[in-house]
Amino acid sequence: MTPPVVDHLRRGAHEALDSPRVRERVGRSRAVATARERFVAGEGVDDAVAEAQRLRRTHRMAALHPLLEPVVDGEGVDATVAEAVTAIERVAPVTSGGDYHPEIYLAPESLGVGLDAARAEAALGEICSIGDEHRVDVTLRSGPVEHVDTVLDLVERIRKDHPRLTTSLVARRHRSEADAVRLAASGARVRLVRGGTGSPAADSWQDEHEADLAYARCLATLLGSEVHTVVATHEPLLLDLADGLADQSGRGPEGLEYQFFLGAQPDLQMRTADAGHRVRVLVPYGPRWLDYLEDLARRPSGLRRLVTVLGGQG
């Protein structure tokens, strides 16, 4: 279970960041600037591309993650498509090659899922088409639990023309074991995340041990099939489990990759890549970086990393 002191720190951080005045002051602080330099590539796509180039030199792949403003209408969706296309066209010439495919990582809300399903489908299809032309893959974040069925149906339709589209699955949610079976049967590429705290008990495991067990069950389902699986976690127990299950299933490097956060445990990232595993690093960039740091703090291991950096130890 999560130690009480960690829960207290997390609650305090979230309550403070809910205040616009506090957010503005925090955003200007040197400590937060240090965290931003560590965990966020920068404000613009050129910063992210430069980071992707650096990662490529150390045998790590990149997933560019634009941190965009909330989408409330069709113009917002158009802005998402324009940002994604720009990122694809900028990153492809400098990081593609061999079996290396850089990625674009998008939230379904940024495509208008929940606002206009038809527009969201058209936007995702357009982005995937440009990605296919440039050998850049697309990964879709899971989104809110109330949109899971919409997202899974969307992915199923888009994959008919763009089979390399990857969807994320949050293991902490009660429904995810059944969703893992569905995705494994369909052959979809899956990014499996443990999930942070804050989800209602009605739809998600609250106990950290139960969340780990749920992750293990979903991972066993995915690795027992032939789907490309992305293990997106920094938890040592779950990484060891993934290694063991991959060995049992006879998975080669092409069918499994490990995904880490930018700036988090770089030594672990390098060791994993040097051991011959496929390693991908999520590279966030854009104006919503403070929201991203807040989201990172919702994850137990993420909070520990942030506290270390803010304390001047990382």
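What share of the contacts in the protein with a separation of 6 or more comes from residues 24 or more positions apart? Such residues account for 72% of these contacts. The legends below refer to a predicted model.

**Figure 1. Overall view of the predicted model.** The protein has 314 residues, of which 52% count as buried. Its secondary structure consists of 13 helices and eight strands. The mean pLDDT is 86, and 83% of the residues reach 70 or more. In residues 309-314, by contrast, the pLDDT is below 50; this stretch nevertheless has 11 contacts in the model beyond near neighbours in sequence.

**Figure 2. Close-up of the largest nonpolar core, centred on Leu-124.** This core comprises 68 residues, and Leu-64 and Leu-124 touch the most other members. Helix H5, residues 74-95, gives the most to the core, with eight residues. When neighbours within four places in sequence are left aside, Leu-124 is in contact with Leu-111, Val-138, Leu-140, Leu-154, Ile-158 and Leu-165. Another core, of 15 residues, lies apart from the one shown; Val-32, Val-40, Tyr-105 and Phe-261 are among its members. In soluble globular proteins, nonpolar side chains tend to be buried together.

**Figure 3. Close-up of the largest cavity and its lining.** The structure holds three cavities of 30 Å³ or more, and the largest cavity contains about 80 Å³ of space. Its lining is formed by Ser-142, Val-148, Val-151, Leu-152, Thr-167, Ser-168, Leu-169, Val-170, Arg-173, Ser-176, Asp-179 and Leu-183. Two or more lining residues come from each of helix H7 (148-158), strand E4 (166-170) and helix H8 (176-186). Strand E4 gives the most, with four residues. By character, the lining divides into six nonpolar, four polar and two charged residues.

**Figure 4. Close-up of Thr-167 in strand E4.** Thr-167, one of the residues that line the largest cavity, has a relative accessible area of 0% and is therefore buried, the limit being under 20%. Not counting residues up to four places away in sequence, Thr-167 touches Leu-140, Val-151, Leu-152, Val-155, Leu-183, Arg-189, Val-190 and Arg-191. Of these partners, Val-151, Leu-152 and Leu-183 also belong to the lining of the largest cavity.

**Figure 5. Close-up of Glu-121 in helix H6.** Helix H6 spans residues 117-134. Glu-121 is partly exposed, with a relative accessible area of 26%. Residues up to four places away in sequence aside, Glu-121 touches Leu-154, Arg-157 and Ile-158. Glu-121 and Leu-154 are 33 residues apart in sequence, and their C-alpha atoms are 6.6 Å apart in space. Leu-154 and Ile-158 are also among the contacts of Leu-124.

**Figure 6. Close-up of helix H12, residues 289-297.** Seven of the nine residues of helix H12 are buried, so the helix is largely enclosed by the rest of the structure. The buried residues are Trp-289, Leu-290, Tyr-292, Leu-293, Glu-294, Leu-296 and Ala-297.

**Figure 7. Close-up of the loop that holds Gly-250.** The loop lies between helix H10 (236-249) and strand E7 (256-261). Gly-250 has a relative accessible area of 60% and is therefore exposed, the limit being over 50%. The C-alpha atoms of Gly-250 and Gly-224 are separated by 9.6 Å, and the two residues are 26 residues apart along the chain.

Note on methods. Residues numbered from 1 in each chain as written. Heavy atoms only, no water. Buried < 20%, exposed > 50% of the residue type's maximum accessible area, 1.4 Å probe, protein only. pLDDT = per-residue confidence, 0-100. Contact = heavy atoms within 4.5 Å. 1 Å grid on protein atoms, 1.4 Å probe; cavity = no way out; pocket = protein on both sides within 12 Å on 5 of 7 lines; lining within 4 Å. Points joined across faces, edges and corners; volume = space filled by probe spheres on them. Nonpolar A, V, L, I, M, F, W, Y, C, P; charged D, E, K, R; others polar. Core = buried A, V, L, I, M, F, W, Y, C linked by side-chain atoms within 4.5 Å.
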